[in-house]
Amino acid sequence: MDKVLENYQVYLAVIEQKINKFFDDQKPYIFCDKGCAKCCQNAEFPFTKIEFYYLMEGACKLSQATKQIISDNITRILKEKKSCRKKDFLYTCPFLIDNVCSVYQYRGIVCRTFGLMYTGKDGRVKVPFCCYRGLNYSNVLEDGGTQISREKFEKLGYDKEPVAYNIGYDFLTDSDFENGFHFKFGEKKPLIEWFMMQDAELSESVKIPFTIPKM
Ligand code: SF4
Ligand code: SF4
């Protein structure tokens with residue numbers, strides 16, 4: 001593996017250790033379970049270039065049958081995107097198979113943080129959307145509202161309060177991390193758009209292990 005991707009992996013290990021600790025601290029409010037993949041659907045999935053390269057490292061290791069399923073997913077999504085008239089094109093991640101991530105170790109940064117409350121770049125607290133579907137933080141959400149209820153938290157009797165962390169995507173892909181860990185995030189775009197690039201536009205160091213139709 002090239003040195004830059006190795007440095008990126010070190011960065012991932014560092015942030016993942018913190019993210020895991022945050023999930024652990026917020027355990028009373030977290031309802032993530034295997035098979036729940038609502039956060040892998042109906043989204044854009046921002047990926048920087050290095051995240052995409054790393055994802056392809058993982059994809060190359062999959063079986064031929066799994067690659068074929070992903071290839072078919074990508075082809076279908078690209079077709080849907082072409083005929084979509086809406087400004088934002090939302091889709092199910094092509095790497096989600098039977099509600100399980102097929103490239104879990106290699107998934108993106110946004111995939112690693114989703115489910116926790118966080119502070120957005122506007123400084124406001126954001127709750128994961130699944131909060132409104134009876135999942136994460138729903139047990140401390142004020143009735144019919146969007147705020148965390150102090151009353152509900154106190155009633156639950158847990159010692160750790162629901163907290164918003166500084167783990168927004170913009171913060172985690174800030175240039176300070178590039179300088180500290182010696183790699184570049186590169187361009188940022190929705191995951192599916194990486195598959196719209198022509199072969200020549202991608203560096204030779206990334207191999208896309210799927211047959212992608214030219215659109
Ligand atoms: S973050 Fe929400 S939608 Fe995603 S797995 Fe956890 S509970 Fe399900
Ligand atoms: S890469 Fe995996 S975790 Fe991330 S959105 Fe796709 S299926 Fe979900």
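Let me begin with a definition: two residues are in contact if their C-beta atoms, placed from the backbone, lie within 7 Å. I will need that for the packing of one helix. The model I am showing is a predicted one.

First, the chain as a whole. The chain contains eight helices and six strands. Going along the sequence, their order is α-β-α-α-β-β-α-β-β-α-α-α-β-α. The C-alpha trace spans about 55 × 40 × 30 Å along its principal axes. For 215 residues, a compact globule would have a radius of gyration near 17 Å, and the chain has 19 Å, which agrees. Of those 215 residues, 24% count as buried. As for contacts between residues at least 6 apart in sequence, 76% of them join residues at least 24 apart.

Now to helix 3, which covers residues 64-83. What should its 20 residues span at 1.5 Å a residue? The expected figure is 28 Å, and the end C-alpha atoms of helix 3 are 29 Å apart, so the two agree. Buried in this helix are Ile 70, Asn 73 and Ile 74. These three cover an arc of only 100° around the axis, which puts them on the same side of helix 3. The general background is that an α-helix has 3.6 residues a turn, so residues three or four places apart point the same way. On the other side of helix 3, the exposed residues are Gln 64, Ala 65, Lys 79, Lys 82 and Ser 83. What do the buried residues of helix 3 pack against? They pack against helix 2, residues 49-60.

Next, the two ligands. Around ligand 1 we find Phe 31, Cys 32, Cys 36, Lys 38, Cys 39, Phe 114, Gly 115, Pro 128, Cys 130, Leu 135 and Asn 136. By class, that shell has eight nonpolar residues, two polar and one charged. Ligand 2 is surrounded by Cys 40, Phe 45, Cys 93, Phe 95, Leu 96, Cys 101, Val 103, Arg 107, Gly 108 and Cys 111. The shell around ligand 2 divides into eight nonpolar, one polar and one charged.

Last, a single residue, Asp 170. It is found in helix 6, residues 169-172. Is Asp 170 buried or exposed? Asp 170 has 10 other C-beta atoms within 10 Å, and a residue counts as exposed at 12 or fewer, so Asp 170 is exposed. Asn 136, one of the residues around ligand 1, is 34 residues from Asp 170 along the chain, and their C-alpha atoms are separated by 22 Å.

Definitions and conventions:
Residues are numbered from 1 along each chain as its sequence is written. Chains are lettered from A and ligands numbered from 1 in the order in which they are written. This is a predicted model: local features need pLDDT of at least 70, side-chain atom pairs count only at pLDDT 80 or more; totals for chains, interfaces and linings use all residues. A residue is near a molecule or strand if its C-beta atom, placed from the backbone, lies within 6 Å of it. Ala, Val, Leu, Ile, Met, Phe, Trp, Tyr, Cys and Pro count as nonpolar, Asp, Glu, Lys and Arg as charged, and the others, Gly among them, as polar. Helices (H or I, at least four residues) and strands (E, at least two) are DSSP runs, numbered from the N terminus. A residue is buried if 20 or more other C-beta atoms lie within 10 Å of its own, exposed if 12 or fewer, and partly exposed in between; C-beta atoms are placed from the backbone. The radius of gyration is taken over C-alpha atoms; the globule rule is 2.2 Å times the number of residues to the power 0.38. The expected span of a helix is 1.5 Å times one less than its number of residues. The arc is that of the directions from the helix axis to the C-beta atoms.
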